Amino acid sequence: MDYFIESASLDQLTSDCVIVGIYENQELTAAASQLDQCTQNLISTVLQRGDLKAKTGETLLINFVPNSAIARILLVGLGKQAPLFKKDFHKALAAAIKTLKDHTITSACCTLAEVEVATADWAWKTRRIVEVFDDALYQLKPLKSIPDPVHALKKMGIWAPESALAEATSGLHQGIAIADAVTLTKRLSDLPGNICTPTYLAEQAIQLTIAKPTLKVDILEEADMQKLGMRSLLSVSRGSRQPAKLIALHYQGGESQAKPIIIIGKGLTFDAGGISLKTAEGMDEMKYDMCGGASVLGILQAAAQLALPLNIVGLVPSSENMPDGDANKPGDIVTSMSGKTIEILNTDAEGRLILCDTLTYAQKYNPDVVIDMATLTGACIVALGRIPSALYGNDDKLCQDLINASESACDSVWRMPLWEEYQEQLKSNFADLANIGGKDGGSITAACFLARFAETFRWAHLDIAGTAWRTGANKGATGRPVPLVMQYLLNRASGRNA
Ligand code: BES
Ligand code: MN
Ligand code: ZN
């Protein structure tokens, strides 16, 4: 889809459909009232019939506009006239695009960036329109013999007056880069485990560097990892026929001596549990155990697209977790790259086994901060449901920066404790630590495990088990937490936090 800023005045516009906002009590937004005037009061006439209460997210399509270069007008309810909450703005946008998708409309012009939204400027609103619309228009490249029908939309103008042009344009560029990153993340995440293997992910990372020459990539093979002593990571892939890969994507947009921001993503392309085999129900969803890794590719792509003045390294440890004659067995003890020994009491707690060696590896970059994203624990869903990602970290400033970013990106997080007391649960009789901490506080003890490998730098961990994909009838990847991490990087780039 082609998104652009439309600055033609509304009475000069040619369009398949113009989207305008209506408040409750039939109050028109400025754009609606201008359109009303140049269509012989069509909008107010329609509203007088009382078919649109204009509650947030209600829509009404007027599909004939006499004597006009505008073919249709989509009225979108905005609720009571007052600055909208960000959530309600989202609701109105989502409703608008849902209605458009179901028609044969090929080009549209959205005037909703003029709507007042609490603490939001034109850049934010423009960006949000692109993100919400693009999210709704996402379609998996069909693997069906009779593909799902594709929507007709090709062009989306976002209307902005002269005075807001600069802000709207910057929001547009950010919105497109983030939406593209989310799309890439969702595409990779939705692919099944037989297609999206560690080797496939590595190839996609290489493709990315061809499309975006400011990105460089190193693929560490199992032999390279062996030399580095990543025995914890390799113990997981030993149980699979697919070789593990450690993808290292590099983006140098900042000053050469500036310390890099490191983004790590769990890239388990299928998690059967290993010898501690999972039960059958819902096991297909474990193809999503690489959503964190896919997010890394999306984020690096967007950083390059926006030419962010930052140095960023993306690391994706990628493997399968399968049961095999050579797989880890409960009770096995491995020595991680850090030298710490780990007793593997449950082979299904494999994410931390591949992440711990990646955290140790991250140290060689002398990082400014390290942020990891992982579909790490089912216990995270028990604790928080599927609304926020769980946030952990060893640095309050970094955590607060991420909370702030999550609020403006509408990609929520909830901070969880990483207290010393929980470390008790990871004690092992035979090794430095065990890879599970019992049934209490499973998301916390998983984070506490990772913390033991992140002692020398500022670090945050996002458990995205509940947020990276939707389960049930509407099953599919969400692309989270790409918007949150992108907002953090944008804030860093504009010096709003350091
Ligand atoms: N990838 C899973 C976590 C997961 C499970 C995410 C379900 C989303 C939905 C992870 O590797 C795992 O299996 N974790 C175990 C840990 C346990 C053995 C301590 C879990 O959550 O059951
Ligand atoms: Mn597992
Ligand atoms: Zn897993």
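In this predicted model, the six donor atoms around the manganese ion (ligand 2) subtend angles of 69 to 167°, which makes the arrangement irregular. The protein contributes Asp-271 (OD), Asp-348 (O), Asp-348 (OD) and Glu-350 (OE) to this site, at 2.1 to 2.2 Å from the ion. Asp-348 is thus listed with both a backbone-type label, O, and a side-chain label, OD. Along the chain, the donors of the manganese ion (ligand 2) follow the spacing D-x76-D-x1-E. Asp-271 belongs to strand E11 (residues 267-271), while Asp-348 sits in the loop between strand E14 (341-344) and helix H10 (351-362), so the pair ties together parts that are 77 residues apart in sequence.

The second metal is the zinc ion (ligand 3), whose site is octahedral, with angles of 79 to 176° among its six donor atoms. Its protein donors are Lys-266 (NZ), Asp-271 (OD), Asp-289 (OD) and Glu-350 (OE), at 2.0 to 2.4 Å. The sequence spacing of the donor residues of the zinc ion (ligand 3) is K-x4-D-x17-D-x60-E. Here Asp-271, in strand E11, is joined by Asp-289, in the loop between E11 and helix H9 (291-305), so the pair ties together parts that are 18 residues apart in sequence.

The two metal sites compare as follows.

| Metal | Donor atoms | Angles | Arrangement |
|---|---|---|---|
| manganese ion (ligand 2) | six | 69 to 167° | irregular |
| zinc ion (ligand 3) | six | 79 to 176° | octahedral |

The manganese ion (ligand 2) and the zinc ion (ligand 3) lie 3.2 Å apart, with Asp-271 bridging them. Glu-350 (OE) appears among the donors of the manganese ion (ligand 2) and also among those of the zinc ion (ligand 3). The bridging residue Asp-271 has a relative accessible area of 3%, and is therefore buried, the cut-off being under 20%. Asp-289 is buried as well.

Ligand 1 is surrounded by 17 residues, and the closest are Asp-271, Lys-278, Asp-348, Glu-350 and Gly-378. Of these, Asp-271, Asp-348 and Glu-350 also supply donors to the manganese ion (ligand 2). Polar contacts to nitrogen atoms of ligand 1 come from several residues. A polar side-chain atom of Asp-289 is 2.9 Å from a nitrogen atom of ligand 1, and Asp-289 (OD) is also a donor to the zinc ion (ligand 3). On the backbone side, a polar atom of Thr-375 lies 3.3 Å from a nitrogen atom of ligand 1, and a backbone N or O atom of Leu-376 lies 3.5 Å from a nitrogen atom of the ligand. Taken alone, ligand 1 exposes 510 Å², of which the protein buries 78%.

Apart from the metal and ligand sites, the structure holds five aromatic pairs. One of them is formed by Phe-89 and Trp-124, which are tilted at 35° between the planes and 6.1 Å centre to centre. This pair links distant parts of the chain, with Phe-89 in helix H3 (residues 86-101) and Trp-124 in helix H4 (residues 122-137), 35 residues apart. Phe-89 has a relative accessible area of 1% and is buried; Trp-124, at 10% relative accessibility, also counts as buried. Phe-449 and Phe-453 form another tilted pair, with 5.3 Å centre to centre and 35° between the planes. Both Phe-449 and Phe-453 are buried.

Note on methods: Residues are numbered from 1 along each chain as its sequence is written. Chains are lettered from A and ligands numbered from 1 in the order in which they are written. This is a predicted model: local features need pLDDT of at least 70, side-chain atom pairs count only at pLDDT 80 or more; totals for chains, interfaces and linings use all residues. Side-chain values use heavy atoms; hydrogens and water are left out. Donors are N, O and S atoms within 2.8 Å of the metal (3.2 Å for Na, K and Ca); water is not among the atoms, so sites may look incomplete. Four donors count as tetrahedral if all angles lie between 85 and 135 degrees; four count as square planar and six as octahedral if opposite donors are over 155 degrees apart and all others between 65 and 115; anything else is irregular. Helices (H or I, at least four residues) and strands (E, at least two) are DSSP runs, numbered from the N terminus. Buried means under 20% relative accessible area, exposed over 50%, partly exposed in between (1.4 Å probe, protein chains only). A residue is near a molecule or strand if one of its heavy atoms lies within 4 Å of it. A polar contact is a pair of N or O atoms within 3.5 Å; within protein, one must be able to donate a hydrogen and the other to accept it, and residues adjacent in sequence count only if both atoms are side-chain atoms. Accessible areas come from the Shrake-Rupley method with a 1.4 Å probe; for residues, only the protein chains shown count as cover. Rings of Phe, Tyr and Trp (its six-membered ring) pair if their centres lie within 6.5 Å; planes under 30 degrees apart count as stacked, over 60 as edge-to-face and the rest as tilted.
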